[in-house]
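Pull the model up in your viewer and have the cartoon and the side chains ready. We'll walk through a few spots together, strands to begin with and rings after that.

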Amino acid sequence: MKEKRITCRSARNFCLVKILENLGHFPTRKTEKEAWFLSPFRSKTETQASFKVSIILNRWYDHGIGKGGNNIDLLVLLLNLSVKEVLAYLSNDLSFSFHQQPLQIEKNIGTEIIGIKPINHPAMIGYLKSRKIPLNIGKQYLKEVIFKQKGNTLFALGLENHLGGWELRNKFRKTSSSPKSYTWLKRDKKQLIVTEGMFDFLSLATMKPVKVYESDILILNSLSFIKNIKNLLSSYHTIFLYLDNDNAANTCTQNLLQKYDTAIDCREEYKGYKDLNEKLIAWN
C-alpha cells in the first residue's frame with residue numbers, strides 16, 4: 001500500500017512545542033502565549049533561554065542566530081533535512097498532535113502514567129506481530145502502559161528510560177512521558193550496542209540474540225541525547241553503532257567514529273533499509 005504523506009500545509013499545523021519535546025527539548029518557562037527553551041542549536045552550552053515559541057502563532061524565533069519560522073523551517077535546520085525528508089519524518093510520527101489554542105494546550109499538558117503491567121492486550125500483541133517482534137522478546141524488555149494524554153485514556157507498549165520516563169508506542173501513536181531520556185540496559189559487559197529507537201533494539205534482539213545477550217545496550221530514544229551519553233561510551237572496549245540510514249544519523253555516526261576508536265558503524269548490515277526494523281519486516 002502506498003505510504004500516505006502529509007502536505008506542507010498540514011505539517012505547519014503540527015504543535016511546535018510537542019515536536020521540540022519529542023526531540024528532547026523542554027521549555028524552561030511557559031505561559032498561555034509563549035514557551036522559552038534553551039536553543040536546540042546550542043542547548044549544550046546555553047545557560048539562558050533564547051529560543052521562543054509563540055503558542056498562539058505556532059512559530060519560533062531564535063534570538064541567538066536571529067532566525068525564526070514554522071516547524072518545517074526548524075526541522076530543516078535542526079536535523080539537516082530537506083523539506084521532503086521533513087514531511088516523511090512527520091508522516092511517520094503521530095505523537096506531535098495538531099496545534100491548538102493556548103487554553104486547550106495548557107489544560108492538558110504532558111502524559112500521566114496510570115498503569116504498568118505485562119503485555120497482555122490483543123492489540124499490543126498484534127502490534128508487536130506487525131513489527132515482526134516475537135512476543136517473548138517484547139515481554140522481556142517492554143511493558144503494557146496505560147496513560148492519560150489530553151484528557152484521553154490510552155495504552156501502548158512502553159520502554160522505560162534510565163530516569164523513569166517511558167517511550168510509548170502503539171499502532172497510532174508515538175509519544176513519551178517525562179522525564180524523557182535514553183535507556184541504558186547495563187549488564188557489566190565490555191561491549192556496547194547503541195540503537196536509535198526501541199524497535200531498532202527489539203529487531204536486533206530478534207535477529208542477533210547472542211550479540212545482544214553479550215552486550216550492554218544503549219537506546220537513545222532521540223538523537224538529541226547523543227551529547228548526554230558520550231561519557232558512558234569511553235568505558236567500553238567495543239561500541240557497535242546501529243543508527244538509522246538518514247542524514248541526521250549519518251552526522252551522529254561520523255562524530256562518534258571520529259571521537260571513539262572503538263566505535264564500529266554496523267549499518268552495512270541493513271544497507272538499503274531505513275533502519276533495522278524495516279529490514280526485519282522485509283525479511284519476513
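Start at the hairpin of β7 and β8, where 2 residues sit between the strands and Lys 150 takes a positive phi near 55°. Keep in mind that this is a predicted model, so read that torsion as a computed value. The two arms of the hairpin run antiparallel, with 7 bridges joining β7 to strand β8 (residues 152–160). If you want a handle on the register, take Val 145: its bridge partner in β8 is Ala 156.

Now look at what else β7 pairs with. Strand β6 (residues 111–117) and strand β7 (residues 143–149) also pair in the antiparallel sense, over 6 bridges. Here Ile 113 is a good marker, as its bridge partner in β7 is Phe 147.

On to the rings. How many aromatic pairs does a search of the whole structure find? It turns up 6. Two numbers do the describing for a pair of aromatic rings: the distance of the centres and the angle of the planes.

Try that on Phe 41 and Trp 60. Their ring centres are 6.3 Å apart and their planes are at 45°, so this pair is tilted; an angle under 30 degrees would have made it stacked, and one over 60 edge-to-face. The pair links distant parts of the chain, 19 residues apart: Phe 41 is in the loop between β2 (34–37) and β3 (51–54), whereas Trp 60 belongs to strand β4 (residues 59–62). Their surroundings are worth checking too. Phe 41 is partly exposed at 29% relative accessibility, while Trp 60 is buried at 3%. Both residues also belong to a cluster, in which ring pairs link Phe 37, Phe 41, Phe 51 and Trp 60.

Next, jump to Tyr 127 and Phe 199. With centres 5.6 Å apart and planes at 80°, this pair is edge-to-face. Again, distant parts of the chain are linked: Tyr 127 lies in helix α6 (residues 122–130) and Phe 199 in helix α8 (residues 198–207), 72 residues apart. Tyr 127 is buried, with a relative accessible area of 11%, and Phe 199 counts as buried at 5%.

Last stop: rings with a charge over them. Lys 189 lies over the face of Tyr 213, at 5.2 Å from the ring centre. For Phe 240, the charged end sitting over the ring comes from Lys 211, 3.9 Å from the ring's centre.

Key
Residues numbered from 1 in each chain as written. Predicted model: local features only at pLDDT ≥ 70, side-chain atom pairs only at ≥ 80, totals over all residues. Heavy atoms only, no water. Phe/Tyr/Trp six-rings, centres within 6.5 Å; stacked < 30°, edge-to-face > 60°. Helix = DSSP H or I, 4+ residues; strand = E, 2+ residues; numbered from the N terminus. Buried < 20%, exposed > 50% of the residue type's maximum accessible area, 1.4 Å probe, protein only. Lys NZ or Arg CZ within 6 Å of the ring centre and 35° of its normal. Pairing = 2+ DSSP bridges.
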